[in-house]
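Please open the structure in a viewer and keep the selection panel at hand. The tour below moves from one selection to the next and describes what is found at each stop.

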Amino acid sequence: MKVTVVGAGAVGASCAEYIAIKNFASEVVLLDIKEGYAEGKAMDLMQTASLNGFDTKITGSTNDYSKTANSDICVITSGIPRKPGMTREELIGINAGIVKTVSSNLVEHSPNTILIVVSNPMDTMTYLAHKTTGLPKHKIIGMGGALDSARFKYRLAEALEAPISDVDGMVIGGHSDKGMVPLTSHATRNSIKVSEFLSEERLDQVKEDTKVGGATLTKLLGTSAWYAPGAAVSGLVQAIACDQKKMFPCSTLLDGEYGLSDLCIGVPVILGKNGIEKIVNVPLSDAEKQHLAESAEGVKKTNGLLEF
């Protein structure tokens, strides 16, 4: 199992680290455009192997895509991160050109790969990858919902004053501050609906805190977060590599599901060795349906800024 991560910055390096520590891949290739950067990150990570007990080989490359050849899974984290006050949508001009070039180079050297897109605005970058690579739709996955759901569960556990292992919940919709749709109607604590424990007002606060989860961290850190995004990516990669058939909300190209077409947006999917094995149709409340439709309009508006 060979995994390539393009972009050796904070998110890419965290992603490579979590994949290596889980010890399910034989090789992880880190690639970056900055001279020596990926090589240095790879060497630093390899020097943790004996300490963290993994045998995954991590190698670095400066923009040499031949080193990525025959990768089973490729992750695109490259692009500029958010700064405080920026929306994900404001990154489109620069990041679209980067994602287009990177995805084309990856598919040229690994025509059978499964592509995971992390770069923002993520739903639009996933749509761009569909339009430019020619890969079948089940092999292109946008990582947003897995991260947003982790942040949702963190906020739910905080509100419930419960261990996070007690809590389950999911966020669908666009990976944006306004587009996320935290499914409070389906959220549970040990199979009991969280509405049994929390007031509607407190649940609304949880939803709002979840939606601005990334912006909150960007304001605190001065740049985008990396630990949770890296862990979210590694979860998707492991589900595919180990054919786990796990359910995650991921950005996928819809063709009538949820009443939406010709856009990528976060919905629950089953991930296995073929990538997206199934799109799961979850019953939504009227309010959640309305929020998802509004989110889709926002994604389509951002898609309209693309130049193919």
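Where does Thr 48 lie with respect to helix 2 and helix 3? In this predicted model, Thr 48 belongs to the loop that runs between helix 2 (37–46) and helix 3 (49–52). Select Thr 48 and display its side chain, which reaches the backbone oxygen of Leu 45 at 2.6 Å. Next, add Gly 53 and Phe 54 to the selection: Thr 48 touches both, when residues up to four places away in sequence are not counted.

**The whole chain**

Zoom out to the full protein, which holds ten helices and 14 strands. Its radius of gyration is 18 Å, close to the 19 Å that the globule rule gives for 308 residues, so the protein is as compact as a globular protein of that length. Along the principal axes, the C-alpha atoms fill a box of roughly 55 × 45 × 35 Å. Colouring by accessibility will show that 55% of the 308 residues count as buried. A contact map adds a further view: among contacts between residues at least 6 apart in sequence, 70% join residues at least 24 apart.

**The nonpolar cores**

In soluble globular proteins, nonpolar side chains tend to be buried together. Here, the largest nonpolar core has 56 residues. Select Ile 116, Ile 141, Leu 236, Val 237, Ile 265 and Leu 271, the members that touch the most other members of this core. Then centre the view on Val 237. Neighbours within four places in sequence left aside, Val 237 is in contact with Val 3, Ile 19, Phe 24, Ile 73, Val 75 and Ile 116. Another core, of 22 residues, lies apart from the largest one; among its members are Leu 31, Tyr 65, Leu 115 and Ala 129.

**Helix 10 and Leu 292**

Move to helix 10 (residues 286–303) and pick out Leu 292 within that helix. Is Leu 292 buried or exposed? Leu 292 counts as buried, because its relative accessibility is 3% and the cut-off for burial is under 20%. Show the residues around Leu 292: apart from those up to four places away in sequence, Leu 292 touches Ile 172, Gly 173, Val 181, Tyr 258, Leu 260, Ile 265 and Leu 284. A distance label from Leu 292 to Gly 266 should read 9.4 Å, C-alpha to C-alpha, for a pair 26 residues apart in sequence.

**A three-stranded sheet**

Display strands 7, 10 and 11, which form an open sheet in the order 7-10-11 with antiparallel pairing. Strand 7 (167–168) and strand 11 (192–193) stand at the edges, each with a single partner strand, so one side of each has no neighbour in the sheet. Strand 7 pairs with strand 10 (residues 188–189) in the antiparallel sense over two bridges. Select Asp 168 to find Thr 188 of strand 10 standing opposite.

**Cysteines**

A disulfide is a covalent bond between the sulfur atoms of two cysteines. How many disulfides does the structure hold? The structure holds zero. Select Cys 74 first: the closest cysteine sulfur, in Cys 15, is 11 Å from the sulfur of Cys 74, too far for a bond. Cys 74 counts as buried, at 0% relative accessibility. Turn next to Cys 264, whose sulfur is 11 Å from the closest cysteine sulfur, in Cys 250, again too far for a bond. Cys 264 is buried, with a relative accessible area of 0%.

**Backbone geometry**

Most residues other than glycine have a negative phi, and most peptide bonds are trans. The last three selections concern the backbone.

- Asn 120 and Pro 121: a cis peptide bond joins these residues, with omega about -5°. Pro 121 lies in the loop between strand 5 (114–117) and helix 5 (122–133).
- Glu 161: phi is near 55°, a positive value in a residue other than glycine. Glu 161 sits in the loop between helix 6 (145–160) and strand 7, and counts as exposed at 75% relative accessibility.
- Asp 243: phi is positive, about 50°, although Asp 243 is not a glycine. Asp 243 is found in the loop between helix 9 (227–241) and strand 12 (246–255), and is partly exposed, with a relative accessible area of 28%.

How values were computed
Residues numbered from 1 in each chain as written. Predicted model: local features only at pLDDT ≥ 70, side-chain atom pairs only at ≥ 80, totals over all residues. Heavy atoms only, no water. Pairing = 2+ DSSP bridges. Helix = DSSP H or I, 4+ residues; strand = E, 2+ residues; numbered from the N terminus. Polar contact = N/O pair within 3.5 Å; in protein donor to acceptor, adjacent residues only side chain to side chain. Contact = heavy atoms within 4.5 Å. Core = buried A, V, L, I, M, F, W, Y, C linked by side-chain atoms within 4.5 Å. Buried < 20%, exposed > 50% of the residue type's maximum accessible area, 1.4 Å probe, protein only. Disulfide = S-S within 2.5 Å. Rg over C-alpha atoms; globule rule 2.2 N^0.38 Å.
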